[in-house]
Amino acid sequence: MSDSQISLITGANKGIGFEIAKQLGNAGHKVLLAGRNEPAIKQAVADLKEQGIDAYCLPMDITNHESIEQAASHVESMFGKLDILINNAAIRVEEYGKLPSEQPLAQWRETFNTNLFGAVSVTCSFLPLIKRSKAGKILNVSSLLGSITLHSDRTSYTYSDEFKSLPAYSASKSALNSWTAHLAYELRDTSITVNSVHPGYTKTDLNDGDGVFTPEEGAITAIEIALDTGNSMSGQFVHMKSVLPW
């Protein structure tokens, strides 16, 4: 079993996921970049290796349980454990500008299949390996759009025509937050912490390049929690050291 910190990031070939992998790699972690686009993941790993980072390609389709199980077996054979799991992979397939009731049900199913069911499936498959870590961490990359409290707050940027046109994406992140709270409860008497993180409105492909933060800035919250060896916080929704309402 490896003595190094082993971190796995889903959806890691670009955007926030790539930046999380890069920053954890720079901190000395062995980083496993997971994604279903194998050529893109391989290129991302090559880019990190050129910077001296100990990076590995982990082909994995989080909507396919067999693919996830194969990836978990591969990680077990290579490292024997997993210290940090960051569920970052997500999609947004809804069109901006439509009313919530106008978004097709098929898009709800597609969204939840990745943003919720994929994250749950990955977590459950890798949990036995995380339990072998001295202090495992599970981070679910959520969104402010997952906060029902803020969706009802007229002073929040979520209270707008633009973001109310993403009901499936928002609900998938609310569900992910609920999964965070439930899993944190299950693992409350262990050394494993489980938290949701809001990266901030980040300039990524998911947002069509719109946003306030760069991907580097969007990675900050996840990195702070991942690298804080003294932090026992669990079951929280966090952005830049502030706890957000569910």
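Visitor: Which residues of helix α9 are buried?
Guide: In this predicted model, helix α9 covers residues 220-227, and its buried members are Thr 221, Ala 222, Ile 223, Ile 225 and Ala 226. The word is used for a relative accessible area under 20%.

Visitor: What do the buried residues of α9 pack against?
Guide: They pack against helix α1 (15-26) and against four strands: β4, β5 (137-141), β6 (193-197) and β7. Packing here rests on contact, that is, heavy atoms within 4.5 Å.

Visitor: Why is Gln 103 called buried?
Guide: Its relative accessible area is 6%. The limit is under 20%, so Gln 103 counts as buried. This residue sits in the loop between β4 (84-87) and α4 (105-130).

Visitor: What does Gln 103 touch?
Guide: With residues up to four places away in sequence left out, Gln 103 touches Glu 94, Glu 95, Lys 98, Trp 108, Ser 165 and Pro 167. Its C-alpha atom is 8.1 Å from that of Ala 168, although 65 residues separate the two along the chain.

Visitor: Why is Ala 168 called buried?
Guide: Ala 168 has a relative accessible area of 0%. That value is under 20%, so the residue qualifies as buried. Ala 168 belongs to helix α7, residues 167-186. Neighbours within four places in sequence aside, Ala 168 is in contact with Glu 94, Gln 107, Trp 108, Thr 111 and Phe 112. Leu 24 is 144 residues from Ala 168 along the chain, and their C-alpha atoms are 31 Å apart.

Visitor: Why does Met 240 count as partly exposed?
Guide: Met 240 has a relative accessibility of 29%. Buried would need under 20% and exposed over 50%, so Met 240 falls in between. Met 240 lies in the loop between β7 (237-239) and β8 (242-243), and its phi is positive, about 50°, although the residue is not a glycine.

Visitor: Why does Lys 241 count as exposed?
Guide: The relative accessibility of Lys 241 is 67%. This is over 50%, so the residue is classed as exposed. Lys 241 is found in the loop between β7 and β8. Its phi is near 75°, again a positive value in a residue other than glycine.

Visitor: How many disulfides does the structure hold?
Guide: The count is 0. A pair of cysteine sulfur atoms would have to lie within 2.5 Å to be counted. Two cysteines can be classed by exposure: Cys 57 is partly exposed at 24% relative accessible area, and Cys 124 is partly exposed at 45%.

Visitor: What makes the protein as compact as a globular protein of that length?
Guide: The protein has 9 helices and 8 strands. Its radius of gyration is 17 Å, close to the 18 Å that the globule rule gives for 246 residues, so it is as compact as a globular protein of that length. The C-alpha trace spans about 50 × 40 × 30 Å along its principal axes.

Visitor: How many of the contacts in the protein are between residues 24 or more positions apart?
Guide: Such pairs account for 70% of the contacts with a separation of 6 or more. Of the 246 residues, 52% are buried.

Terms used: Residues are numbered from 1 along each chain as its sequence is written. This is a predicted model: local features need pLDDT of at least 70, side-chain atom pairs count only at pLDDT 80 or more; totals for chains, interfaces and linings use all residues. Side-chain values use heavy atoms; hydrogens and water are left out. Helices (H or I, at least four residues) and strands (E, at least two) are DSSP runs, numbered from the N terminus. The radius of gyration is taken over C-alpha atoms; the globule rule is 2.2 Å times the number of residues to the power 0.38. Buried means under 20% relative accessible area, exposed over 50%, partly exposed in between (1.4 Å probe, protein chains only).
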